[in-house]
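Reader: I'd like a close look at one part of this protein, and I'm happy to have the long version. Here is what I'm working from.

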Amino acid sequence: MSSPDPRHDDLIFGTLDVHATDEETLVALHAYGDAWSTAFLEGRLDEEKRKRWLAHSREDDVTFRFARPRTTVAGASRPVATFSSWDQEINVGGASLLPLRMITDVTVAPTHRRRGLLTKLMSEDLAEAAAEGVPVAALTVSEGSIYGRFGFGPATRYRSAEVDVRPGRFRLRHDATAEPGSLQMVEPKDAYPLTREVYAAHLARTRGEVARPAFYEQVYNGSFNWESGGPDRVLTTVLHLDADGRPDGYCHYRVKEGDSHDLHRIDVHDLVALTPTAYLRLWQFLADVDLISVVRARVLHDDPLDHAVVDPRTVTTKQVVDMLWVRILDLPVALEARPWREDGTVVLEVEDSLGHTAGRWRVTTEKGQARVERTEDSPGVSLSAETLATLYLGDRMVPTLAAAGRITGPDLETFAAMADHAGPAPYCRTGF
């Protein structure tokens with residue numbers, strides 16, 4: 001446990017060993033779980049939820065950082081700030097996956113706001129990741145105004161869409177069922193080993209996607225529904241098999257019964273397809289489920305479904321939402337790992353309050369690859385670490401952020417030609 005921070009004499013800061021089984025640490029782990037769960041309006045964890053939370057946290061080797069009162073007038077001391085992190089991988093559009101520091105369960109109690117607790121926990125964790133050679137960090141956020149000051153920027157988006165599948169409304173221009181392949185409905189627990197393999201292939205080819213935390217297994221094998229607190233008896237899984245009988249797509253969904261016949265709907269929780277045929281076939285399957293009027297799903301910002309249906313008004317966008325927020329920790333490694341479009345050279349000047357990417361960097365691109373090195377030359381482009389993170393995966397374009405006043409300098413056009421449209425649009429369907 002770390003020594004008390006002199007700025008917070010009434011608090012103790014430290015980390016918890018997720019693998020510990022001694023009684024004192026287990027009490028602290030239980031208090032930590034109750035703290036973040038309560039902060040996210042879910043109440044204290046019951047025994048089953050606590051057991052499962054600890055199990056998947058141990059599998060991921062999660063680090064729990066906390067701040068708690070040094071003294072309490074009643075009962076055990078509960079954390080007033082929590083911060084969980086572990087390492088996984090991200091696809092940034094290059095030849096291989098990059099190590100990624102994943103962050104979640106970030107909370108500060110209302111009693112201890114505006115005292116720098118998050119700044120301390122975040123700074124310590126990012127410094128540790130950088131020291132260990134992790135080049136990128138990421139989180140998904142519940143509030144959009146918090147993380148920019150730490151150098152995080154929203155780097156992927158998704159659309160919440162409703163698809164009208166009432167009889168006669170949903171029709172595809174191309175009959176995907178005429179292509180080789182088939183569909184099979186499989187119990188989630190039996191399907192999970194296969195869907196996990198499909199997702200691994202999807203991760204390897206999808207810019208912006210991240211390796212999934214361990215808790216996804218209990219969610220998608222149907223063994224546990226976090227909302228009901230028991231086995232998931234509603235989750236349904238359908239597999240798409242290619243011409244050789246190998247899974248190349250799947251969909252996990254739940255049926256929501258409405259008050260009347262025309263209000264029944266399907267909520268898609270995960271739909272992954274490795275081929276266009278598998279994707280369209282899975283959508284045709286969803287449209288053919290009896291008694292369903294609407295299918296709700298997260299889809300790409302520019303999704304093939306929009307163009308595959310005869311009537312584009314059957315697909316309605318309800319919301320466009322940021323998904324993955326990233327933070328660059330090692331600028332040369334991160335920029336050299338992503339794709340680039342045109343050959344060129346630009347000197348970036350990056351403002352970074354935490355220091356990880358601050359300074360001037362010469363970026364030279366040739367045949368889609370970059371070489372990055374420090375320099376003292378005059379900058380051609382100036383931007384913040386937050387803005388660089390927003391640009392990193394290619395979801396946003398240089399001219400757009402320049403027009404917003406977030407990028408300046410004489411070499412904006414050169415930087416845009418190098419960085420923009422250098423690879424597929426990013427997409428992340430994995431929350432954590």
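Reader: Is Cys 428 buried or exposed? Start there, then take me through the cysteines and on to the inside of the fold.

Author: Keep in mind that this is a predicted model. Cys 428 counts as buried, with 1% relative accessibility. Cys 251 is buried as well, and its relative accessible area comes out at 0%.

Next, the sulfurs. For Cys 428, the closest cysteine sulfur sits in Cys 251, and the gap is 17 Å, too far for a bond. Turn it around and start from Cys 251: the closest cysteine sulfur is the one in Cys 428, again at 17 Å. A disulfide needs the two sulfur atoms within 2.5 Å, so this pair doesn't make one, being 17 Å apart. Searching the whole structure gives zero disulfides.

Now for the empty space. The structure holds one cavity of 30 Å³ or more, and the largest cavity has about 70 Å³ of space in it. If you want to pick out its lining on screen, select Ile 328, Leu 335, Arg 338, Trp 340, Leu 388, Leu 391, Tyr 392, Arg 396, Val 398, Phe 415, Ala 419 and Asp 420. Two elements give two or more residues to that lining: α9, which covers 385-392, and α11, which covers 412-419. The biggest share comes from α9, with three residues. Sorted by character, the lining has nine nonpolar residues, three charged ones and no polar ones. Among the residues lining the cavity are Arg 338, Arg 396 and Asp 420, and these three count as charged because Arg and Asp are in that class.

It's worth staying with α9 for a moment. This helix is mostly covered, as seven of its eight residues are buried. Those are Ala 385, Thr 387, Leu 388, Ala 389, Thr 390, Leu 391 and Tyr 392. Of these, Leu 388, Leu 391 and Tyr 392 also turn up in the cavity lining. Just past the end of α9 comes Gly 394, which takes a positive phi of about 90°.

One last stop, in a different helix. Lys 120 belongs to α3, which runs over residues 117-131. You might wonder how a lysine at 14% relative accessibility gets labelled: Lys 120 counts as buried, because the cut-off for that word is under 20%. Its side chain has a partner too, since a polar contact of 2.9 Å joins the side chains of Lys 120 and Glu 124.

Conventions. Residues numbered from 1 in each chain as written. Predicted model: local features only at pLDDT ≥ 70, side-chain atom pairs only at ≥ 80, totals over all residues. Heavy atoms only, no water. 1 Å grid on protein atoms, 1.4 Å probe; cavity = no way out; pocket = protein on both sides within 12 Å on 5 of 7 lines; lining within 4 Å. Points joined across faces, edges and corners; volume = space filled by probe spheres on them. Helix = DSSP H or I, 4+ residues; strand = E, 2+ residues; numbered from the N terminus. Buried < 20%, exposed > 50% of the residue type's maximum accessible area, 1.4 Å probe, protein only. Polar contact = N/O pair within 3.5 Å; in protein donor to acceptor, adjacent residues only side chain to side chain.
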